[in-house]
Amino acid sequence: MTKARIGQRLFAVAVGVMLFGAAAARTPAAAAPIGKGDQALLIQMAQANRAEIDAAKLAQGKTQNQEVKNFAQKMIDDHTAALQEVQQLAQAKGVGLPAEADGKHKKMEQKMSALSGDAFDRRYMAQAGVADHQKTHALLRRVQTRAKDADVKALAAKLQPTVEEHLNSVRQVNAALGKGAGTASGNSGTAGSQGSGNTAPATKPKTGG
């Protein structure tokens, strides 16, 4: 083999190594795994959004009240977007998420599905509108306090103002209905509120639904 050919081969090898190195540099490093506590919080965030979506879809099919129907559609839109963000973060962190809401919310939906008319509207607004949003609000604040992973904390802070907005919307719908379905009043949320100016629920349930 001539020196010229040897030189050509060595040059080709050198170029290949350089190209491989450049490609490797462009490939993002795998996300570091997160602890079990943060994994559990992500799962709870996903299930909270799934529960709101499922309840809202039920309301869309059952309510005859346009105010309730509009509220339910907003819940579908907002919580679907929130769920997608949770799913993207979970995938990046290597966390598997349940494909459906938890058993407790499934049972609640079964009970609601047996209702109709004003009885359904009152139950939906009291349960999915008030109680579940209060629990989700408490969950998001707990995530910001307890999570170890900065990305998990940041996502909770990002989603909190939307939940606060929903709680205000509940009050407006209930005022329009004239039913007073147990809306809550309280002090404005502080953790991650990002200056939303919306009031957060005063009560903090023990579990994060």
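Trainee: Which side chain meets Glu100 in a salt bridge?

Mentor: Happy to start there, bearing in mind that this is a predicted model. Glu100 is partly exposed, with a relative accessible area of 46%, and its partner is partly exposed at 34%. The two side chains meet at 2.5 Å, N to O, and the partner of Glu100 is Lys106.

Trainee: Which residues are joined into one network by salt bridges that share partners?

Mentor: One pair in helix α3 makes a good way in: Asp78 and Lys74 lie four residues apart, about one turn of the helix. Their closest N and O atoms are 3.1 Å apart, and the pair forms a salt bridge. Through shared partners, a network is built from Lys74, Asp78 and Glu165.

Trainee: Are Asp78 and Lys74 buried, exposed or partly exposed?

Mentor: Buried would need under 20% relative accessible area, and exposed over 50%. Asp78 has 22% relative accessibility, while Lys74 has 27%. Because both values fall between the two cut-offs, Asp78 and Lys74 are each partly exposed.

Trainee: How many residues apart in sequence are the parts that Lys93 and Asp149 tie together?

Mentor: Lys93 forms a salt bridge with Asp149, with 3.1 Å between the closest N and O atoms. Both of these residues are buried. Lys93 belongs to helix α3 and Asp149 to the loop between α5 and α6, so the parts tied together are 56 residues apart in sequence.

Trainee: How many salt bridges does the count come to?

Mentor: We have met several pairs, among them Glu100 with Lys106 and Lys93 with Asp149. In general, side chains of opposite charge can pair when their charged atoms come close. Here the cut-off is a side-chain nitrogen of Lys or Arg within 4 Å of a carboxyl oxygen of Asp or Glu. By that rule the count of salt bridges is six.

Trainee: Which helix gives the largest share of the largest nonpolar core?

Mentor: This core has 22 residues, and those touching the most other members are Leu42, Met45, Val86, Val143, Val152 and Leu159. At least two residues each are supplied by α2 (36–62), α3 (66–93), α5 (117–146) and α6 (150–177). The largest share, six residues, comes from α2.

Trainee: How many residues are in the second, separate core?

Mentor: It is worth keeping the two cores apart as you look at the structure. Members of the second core include Ala59, Phe71, Met112 and Ala128. This separate core has a residue count of 18.

Trainee: Which residues does Leu159 touch, not counting those up to four places away in sequence?

Mentor: Leu159 is a good residue to click on, since you will find this side chain in two places in our discussion. Leu159 is one of the core residues that touch the most other members, and it is also among the residues closest to the centre of the largest pocket. With sequence neighbours set aside, Leu159 touches Met45, Ala82, Glu85, Val86 and Leu140.

Trainee: What is the volume of the largest pocket?

Mentor: Let us start from its walls: 16 residues line this pocket, and Asn49, His79, Ala82, Leu159 and Val163 are the closest to its centre. Helices α2, α3, α5 and α6 each supply at least two residues of the lining. By type, the lining divides into eight nonpolar, five polar and three charged residues. The volume of the largest pocket is about 150 Å³.

Trainee: Which element gives the largest share of the lining of the largest cavity?

Mentor: The structure holds one cavity of 30 Å³ or more, and the largest cavity has about 40 Å³ of space. Two or more lining residues come from each of α2, α4 (103–113) and α5. The lining as a whole divides into four nonpolar, two polar and two charged residues. The largest share, four residues, comes from α4.

Trainee: Which residues is Gln127 in contact with, leaving aside neighbours within four places in sequence?

Mentor: Gln127 sits in helix α5 and counts as buried, at 14% relative accessibility. This residue also helps line the largest cavity, alongside others including Ala51, Ala55 and His105. Beyond its sequence neighbours, Gln127 is in contact with Met108 and Asp132.

Methods: Residues numbered from 1 in each chain as written. Predicted model: local features only at pLDDT ≥ 70, side-chain atom pairs only at ≥ 80, totals over all residues. Heavy atoms only, no water. Core = buried A, V, L, I, M, F, W, Y, C linked by side-chain atoms within 4.5 Å. Buried < 20%, exposed > 50% of the residue type's maximum accessible area, 1.4 Å probe, protein only. Contact = heavy atoms within 4.5 Å. 1 Å grid on protein atoms, 1.4 Å probe; cavity = no way out; pocket = protein on both sides within 12 Å on 5 of 7 lines; lining within 4 Å. Points joined across faces, edges and corners; volume = space filled by probe spheres on them. Nonpolar A, V, L, I, M, F, W, Y, C, P; charged D, E, K, R; others polar.
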